[in-house]
Structure formats: C-alpha cells, structure tokens
Amino acid sequence: MNLSNLKPAAGSTKTRKRIGRGPGSGLGGTSTRGHKGAKSRSGYSRKIGFEGGQMPLQRRLPKFGFKNINRIEYKAVNLDVIQALADAKNLTKITVSDLVAAGLVSSKRLVKVLGNGTLTTKLDIEANAFSKSAVAAIEALGGNAVKL
C-alpha cells in the first residue's frame, strides 16, 4: 500500500445525485419535484410551523403564563462556595470582582448571596443582594453584608 493506490473502503462513498441534467440521467424533466404545485416552483419556502392546512400545533395549544418585565435576575452564590474561595485565596473581604476572577459568575450578572452552607471565618462580603439567612450567618460571625 502506498499513496498512489489509496481509496475509500468499499461501500463507504456514494455518487452525488445530479438532478436536472437531461433525460438520459433519469433525473431530468421535473428534477424529482413532481408535477405542478408550489413545491415544484423556484422560490418556494413553506411557512415555519405549516402543517399542510391542518391547524398548526402552536395555534391548537392555549396560551398560558406571563413574563414579568420588571424581574431582576441574580446569579446565586452560596455561603459554602464563598467560604471555599476565602480559604483558597486567604481573603477576608469578598467582592463581586473576586467572584468574577474565580469564574463563579459572569461580569455582566448581578450576584445574590444565599445562606446555604456554613461560614467558619469572619468575612466582609459585597454583593448586589443577600437572603435573610445569609445576612444572619455573616453577621453572626461579626462580618458585614454590604449591598451594592
């Protein structure tokens, strides 16, 4: 075997269908599109969700719920994660930029500290929002929960 006699495994490749190249090809004439109708014409594109005239799914199902336009979305960070970061980096003050640098949150997201887990050291934590249990846990050790 060398470069001059390499070829793909038997049955692994197929020849391309050459459509619309005359009657001798067997795929001339209507070019596999059938006779007449919108689907045979150039420029045809069916509407998204069209089901051949049957009532489409998105119209058969009822509307429900709503999206609150005033909702503020926070990225949740728990106290045990903050404690692990403080232990790893030897920090006594945790800011949002520390959380971004550690890869825990995106710089574009707002941060909310939640009270899951336990703190073992006194920490000053800066974030956009805090849960009541998180504030209680931080202040129980003499730390500060600073809202930005």
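Trainee: In strand S6, which residue is the bridge partner of Ala 127?

Mentor: Good place to start, and keep in mind that this is a predicted model. Strand S4 covers residues 124–127, and four bridges join S4 to strand S6, residues 144–147, with the two running parallel. The bridge partner of Ala 127 in S6 is Lys 147.

Trainee: And in S6, what is the bridge partner of Ile 125?

Mentor: Stay with the parallel pair S4 and S6, which is joined by four bridges. For Ile 125, the partner in S6 is Ala 145.

Trainee: Which residue in S4 is the bridge partner of Lys 93?

Mentor: Here we turn to strand S2, residues 93–94, which pairs with S4 in the parallel sense over two bridges. In S4, Lys 93 has as its bridge partner Asp 124.

Trainee: Which are the edge strands of the sheet with the order S2-S4-S6?

Mentor: That sheet is open, has three strands and shows parallel pairing. An edge strand pairs on one side only, and this holds for S2 and S6.

Trainee: What is the strand order in the open sheet that contains S1?

Mentor: Five bridges join S1 to strand S3, residues 110–114, and the two run parallel. One of the bridge partners is Val 111 in S3, matched with Lys 75. Three strands form this open sheet with parallel pairing, in the order S1-S3-S5.

Trainee: Why is one side of S1 and of S5 left without a neighbour in the sheet?

Mentor: Recall the order of that open sheet, S1-S3-S5. Strand S1 (74–78) and strand S5 (129–130) stand at its edges, so one side of each has no neighbour in the sheet, because each has a single partner strand.

Trainee: What angle does the direction of helix H2 make with that of S1?

Mentor: Helix H2 spans residues 79–89 and packs on the sheet, where it touches S1 and S3. Its direction and that of S1 make an angle of about 65°.

Trainee: Is Gln 83 buried or exposed?

Mentor: Gln 83 has its place in helix H2. Leaving aside neighbours within four places in sequence, Gln 83 is in contact with Thr 118, Leu 119, Thr 120, Thr 121 and Leu 123. Its relative accessibility is 5%, and with the cut-off for buried at under 20%, Gln 83 counts as buried.

Trainee: How does Lys 89 compare: buried or exposed?

Mentor: Lys 89 is also a residue of helix H2. The C-alpha atoms of Lys 89 and Ala 102 are separated by 9.6 Å, with their positions 13 residues apart along the chain. At 53% relative accessibility, Lys 89 counts as exposed.

Trainee: What is the relative accessible area of Leu 91?

Mentor: Leu 91 lies in the loop between H2 and S2. Setting aside neighbours within four places in sequence, Leu 91 is in contact with Ala 86, Asp 98 and Leu 123. Leu 91 is classed as partly exposed, because its relative accessible area is 25%.

Trainee: Which residues make the nonpolar surface patch of about 460 Å²?

Mentor: Look at the segment before helix H1 (57–60), where Leu 3 is found. Leu 3 counts as exposed, at 79% relative accessibility. The patch is made by Met 1, Leu 3 and Leu 6.

Notes: Residues are numbered from 1 along each chain as its sequence is written. This is a predicted model: local features need pLDDT of at least 70, side-chain atom pairs count only at pLDDT 80 or more; totals for chains, interfaces and linings use all residues. Side-chain values use heavy atoms; hydrogens and water are left out. Patches are made of residues with over 30% relative accessible area and no salt bridge: like charges are joined within 9 Å, nonpolar side chains (Val, Leu, Ile, Met, Phe, Trp, Tyr) within 5 Å. Accessible areas come from the Shrake-Rupley method with a 1.4 Å probe; for residues, only the protein chains shown count as cover. A salt bridge is a side-chain nitrogen of Lys or Arg within 4 Å of a carboxyl oxygen of Asp or Glu. Buried means under 20% relative accessible area, exposed over 50%, partly exposed in between (1.4 Å probe, protein chains only). Two strands pair if DSSP finds at least two bridges between them. Contact means heavy atoms within 4.5 Å. Axes are lines fitted to C-alpha atoms, for helices over the stretch in contact, and angles run from 0 to 180 degrees between N-to-C directions.
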